[in-house]
Structure formats: structure tokens, C-alpha cells
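This report covers strand pairing, core packing and aromatic contacts. Please keep the model open while reading.

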Amino acid sequence: MIRATPLRRALRIALLLVPSVLIAWAGYVWLLDRGLAAQQAEARQRLVAHARSLDSQLDKYARLPQLLTLEDTLAEALSAPNDPTRIAAANRYLEAFRQHAQVSVAYLIAPDGITLAASNWREPQGFVGRRFDYRPYFREAMAGQPGRMYAFGTTSLEPGYYLSAPLQQGGRVIGVAVVKVSLAPYEATLPAGGDTLLVADDVGVVFLTAMPAWRYRTLSPLLPADQARLTRTRKYPQQALQPLAAGQRIDASASAAQRLRVAGPGPARDYTVQTAGVGPLGWHIVLLSDTADVRRGAAAQAAALGFGLAFLTALWLFVQQRRRRLAERRESLQAQRAAHAALEARIAEQTEHLVITNEALTERILELERTEALLRRARDNAVQTAKLAVLGQMSAGVTHELNQPLAALTTLSDNAAKLLELNETAEARENLRLISQLAQRMGRIVGQLKTFARKDSARLEPVRLADALANAQMLIEPRRRELGARITVHVADDIVRADALQLEQVLVNLLRNGLDAMEGQPAPVLAVDVSTEGDRAEIRIRDHGAGIAPEALARLFEPFYTTKPVGKGLGLGLAISHTIVQSFAGSLAAENAADGGALFILTLPTP
């Protein structure tokens, strides 16, 4: 009986909530149908506007080839195809026409299908001498009609809209004038995202869209006759022409909206599809409206309705339950009073025990504080030891860095003395200026080394990452020059909360390890990228070396563990760096980059 009561209560609640669920589902279906209808009406208006825009764009280019037929220079070239002078004049005219009309190319084809002159006659891939009698626009113009075609250029491999017109003389066609126009400016205006616009040709091949993954897909599987015609005319010579929606067909001539599921790019989505005819070639403009927002809106409203009904049901149940609880509370009040007396006695006993335990804990805490102070001093000594070890490794490079300006100082001072003897004060003053610059440079090097070697307690303060990285680079400069490496740093005005000197020590360790990992490479590159998100700044230091062995990744930050050869390192640099970063409330991690090399990720808090 005790176990059956909660089960019966749960079944009762479930039965009371069933009407809310059914009403919410019915509301979702109604709201979805209403939302999709509204979306389709709005999409139809946008579809008509885009269709008119494309028609206007095509009409603008329709007269261009006919204008070419009025030029006597082209007719003269056709009448004397072997006359170089007339062919050259036709080439120059077509070149000027292309520039003024802002078309991709204009060219003149003889009746045998061979191009006599073209606006791109100066280019290596020019059309002059090429045969285009297999193109429908040529055959249509030779029949006395204007030709139209959208296709890939077989020479340029660039798509375009081809328009042709016949040149007639004495009632017969003596040649064909062709203009190729790029529709890329119109394609750039097509929307993508919630509403995606496609333009398909007469057989259903999509050739204009703002979604590159959908370009040269088909609305439906191609018929064998259509496939053969596309192959014969070389309209899309290098495209796979796969269906846009696998297992589904889009009827481009349908007046009612269609629904289908399209995959890619990204996960598959449900779309409402509407089409409209456009242009003189039987093209169709297709608008795909993503129904996800409509579905989410309907689901949200239906959920609100269901939750509202469920809330009313729960409120009624709460009132009933409260009545029962009040009765139970009165019964339990007497039992609570009896238990209260027993509890007070138990509390007195436990209080005495807690006082004794608290005294013991206080003594333990004092002992832990003393131990922590000892550990902090040991850590600071280890950090200082690591600094001195790094300075020792850099001593040879620093000596070389100072010898160069010292030698230059000697030479410049001797020259200045001789120049003063010769009363060449201007040149002597220039030598003295150079001596001053070299002395300042030596002072910066020595000052940076003294600052790096100084033993101070950690002091957290705002630190500019650009300055810290610059100082660290100065300290490893001899090693970088020795390896012939290049260090790329991408950092903005990022500021972190850290100890400046200890942060520079961590950066020196990481940069030097990255350079050591690429020793022996012909052109090593060490990349440093800094990004800030929220209250954390992330410094990513990536080398292009051999990477970190899997067995070494788990032990990389252990003291005295090193992957370097004997004599090249003590295994303390990363362990100390890890400890320093933790004292900043940051983190230090390592991993292997996907395309090779090791990647160290240093995360620090921002002020």
C-alpha cells in the first residue's frame, strides 16, 4: 500500500496532463500551417521582385550583339577574311566595344564557325582562330535568329551569358556577332541563409546562387536526352550535375509551393520551394525558404499554450495537495515538539565535541600555513634557479650581442678623434651620435638581463602582453639568430593580471623550447597568437617541429622530466612555468597541432 500510493498519484497527474499535451499538439499543427502560409505569401512577393530584376538585367544586354551588326568594320572583315588590315581593324573595334559596353568578351564568327576577330585578340587564350560552330547560339544566328545561351567558356573556363546576332548582306547571313556577359554582379545580390535564391536553366541545372555548394546541382535527375544535349554543346563541361535534393524532384513549372529536404552545407534542412519563369531561354528562378524559424515559432507558441494549461492543472493539484498537507502538519507538530527536546540534548553533546575538534583544526591550519610559507620560498628559489639556468644558456649569444656594438664603438671613437683633428666636425658629430645609440642599445640588453635575473616576490598587476613578448624575444634573440628562425607574433593591446618578470620567464621558456624543437630545420617558423575572450586571455605558441610523443604528454610538466638530450636541459623549465602560471590563477597546457608540431596554450586572467 505504501508503494502503490505514489504510483497512483503519478498516474493521476499524467492523466490530468494528457489534455494539455493534446491541445498543445493541435495548436502546433494549426500555428505551423498558418505560419507556413504567411511565409509562402511573403516569399512569392520577393520571388516576383527578383524575377523582374533578372528580366531587366537580361533585357539590358539583349541589344548589344545587334549593335555590333551595324558596324561596317565587321562586315568588311567578313568580306575579306584573308586581309590582315581589315581583321586588325575588327579586332580593335571589338576591343573598344568591350571596354565601353563593359562585357566579358565580344567576337566575330565566320559562317564556317571559326572566329575571325575578338576583343581578347591580344591575350594568349584569345578566341581568334577557334571554332564555335557546335554552340547553339551560333547555329541560331546562322539561321537568321538571335541566339542566347548560358554556358562555360571552353577556352576561358569562365561561365557567362552568350548573346548572338546574324550579320546579313544581300539577304544572306555572312557571319555572327557574339557578346559574352558575366552575370556575377547579379549573383552577388542573391540572398542566402533563411531565403536562398537559385536560377536554373531550361533542363533544371542551377547556375546562379549565393550558395556555392548548390551551384551546378540539378532540380531533378537529368533525362538522358538532356544529358546528351549538355555534353554535345559543352555547356557545363567539368561539372558533376548531381541532384540538389537526393530522391526528390523540384517541379520548376509548378505554381503551388513545394516542400523538400536539402542537405548541405551543414545539416539537412526543410525548405518551402516556389518557382517563377524568367528570361527568353526557359529559365526558372527558384526561392527556397527555410522553415526552421516558422517551426520554432509555432513550437514556442504551442509550448506556451501547453505550459499554460499544465500550470492551471498543476495549480488545481497544488490546492488539493495543500489541504492534505495542512492536516498532516497539524498531526506532525506534536511529534516535532517531542523530538525538539531530544534534539537539544543531542546538540549540546555535539557542540562539546565540535569545540574540541575546532581547537585541533586550528592547530592544523597554523601548521599548514607554516608549511605553505616554506613551499612558497622553495618555489621562488626554484624560479630564480631556472632564471639563472636560462641566463647561462643565453650567455654565449649575449656575449656576441655585446661584442658587435663594442667593436663598432671602438671604430667610431677612433674615427671621431681623427675627424676632429681634421676639423670635420659634422662627420665627427655623426659618429658621436652613432656611439650614443650603440651605448643605449648595450644598456637595454644589460638592463633587460639584470631585470630578468632579479629575485623578487610575485606581485600581480596589469601587464601588457605585447611588452612581455617583446622582452622575451629580446632575451632569446641570440638563439633565434643562431637557428635562422622566424618568430611571428599576432598580439593587440591585450592586458593580463600577472607578475611581469615571472610571466617573461614563462614566455622565455616556451619560446626557447619551441626554437629548440625546430633545430636543424632549413627555415623554422615559431608562431605566437594572442586572443582575449571574456575575462581570460589565451596565448598560443606553436612550433613546426616533430611534436610531442604521446607518452611524454602526460609527464610534460613533471619536475626533472625532459625530452631533450643529456646536457640540453634539466627538465625544470616547464614544471616551474606551470607552477608560476597557476600562481596567476591561469593554466598551461600542451598538445600536438593537427598538421604537425607542438602547441602550448597559456591562459591568463585579465584585470
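## Charges over rings

The charged end of Arg135 sits over the ring of Tyr162, at 5.6 Å from the ring centre. The model behind this value, and behind those that follow, is predicted.

A second such contact involves Arg234. Its charged end sits over the ring of Tyr134, 4.2 Å from the centre. Tyr134 also belongs to an aromatic cluster, together with Tyr107, Phe127 and Phe132.

## Aromatic pairs

The structure holds 13 aromatic pairs. In one of them, the ring centres of Tyr150 and Trp283 lie 6.3 Å apart and the planes meet at 90 degrees, so the pair counts as edge-to-face. Planes over 60 degrees apart fall in that class.

This pair links distant parts of the chain. Tyr150 lies in strand E3, residues 147–152. Trp283 lies in strand E10, residues 283–290. The two are 133 residues apart. Both Tyr150 and Trp283 are buried.

## The five-stranded sheet

Five strands make an open sheet. Their order is E2-E1-E5-E4-E3, and the pairing is antiparallel. Strand E2 (115–118) and E3 stand at the edges with a single partner strand each, so one side of each has no neighbour in the sheet. From one strand to the next, the twist averages 25 degrees.

Helix H3 (residues 72–79) packs on this sheet. H3 touches E1, E2, strand E4 (159–169) and strand E5 (172–181). The direction of H3 makes about 40 degrees with that of E1.

## Strand pairing and hairpins

Start at the E2 end. Strand E1 (residues 105–109) pairs with E2 over three bridges, in the antiparallel sense. Here Leu108 stands opposite Ala117 in E2.

Now take E4. How many of its residues are buried? Eight of the eleven are, and E4 is mostly covered. Six bridges join E4 to E3, and these two strands run antiparallel. Across this pairing, Gly147 stands opposite Ser164 in E4. The E3 and E4 hairpin has six residues between the strands. Leu157 in that hairpin takes a positive phi near 60 degrees.

E4 and E5 are joined by nine bridges and also run antiparallel. Ala165 has Ala177 in E5 as its bridge partner. The hairpin of E4 and E5 has two residues between the strands. Gly170, in the turn, has a positive phi of about 65 degrees.

## Nonpolar cores

The largest nonpolar core has 49 residues. Which residues have the most contacts inside it? They are Tyr150, Leu183, Phe207, Tyr236, Trp283 and Ile285. The edge-to-face partners Tyr150 and Trp283 thus reappear here, among the residues with the most contacts inside the core. Helix H1 (residues 4–62) gives the most to this core, with six residues.

Phe207 shows the packing in detail. Leaving aside neighbours within four places in sequence, its contacts include Tyr150, Leu183, Tyr236 and Trp283. Val199, Ala200 and Tyr216 are also in contact with Phe207. So are Glu187, Asp201 and Arg215.

Another core lies apart from this one. That core has 39 residues, among them Ala472, Ile487, Val496 and Leu507.

Technical notes
Residues numbered from 1 in each chain as written. Predicted model: local features only at pLDDT ≥ 70, side-chain atom pairs only at ≥ 80, totals over all residues. Heavy atoms only, no water. Phe/Tyr/Trp six-rings, centres within 6.5 Å; stacked < 30°, edge-to-face > 60°. Helix = DSSP H or I, 4+ residues; strand = E, 2+ residues; numbered from the N terminus. Buried < 20%, exposed > 50% of the residue type's maximum accessible area, 1.4 Å probe, protein only. Lys NZ or Arg CZ within 6 Å of the ring centre and 35° of its normal. Pairing = 2+ DSSP bridges. Axes fitted to C-alpha atoms, helices over the stretch in contact; angles between N-to-C directions. Contact = heavy atoms within 4.5 Å. Core = buried A, V, L, I, M, F, W, Y, C linked by side-chain atoms within 4.5 Å.
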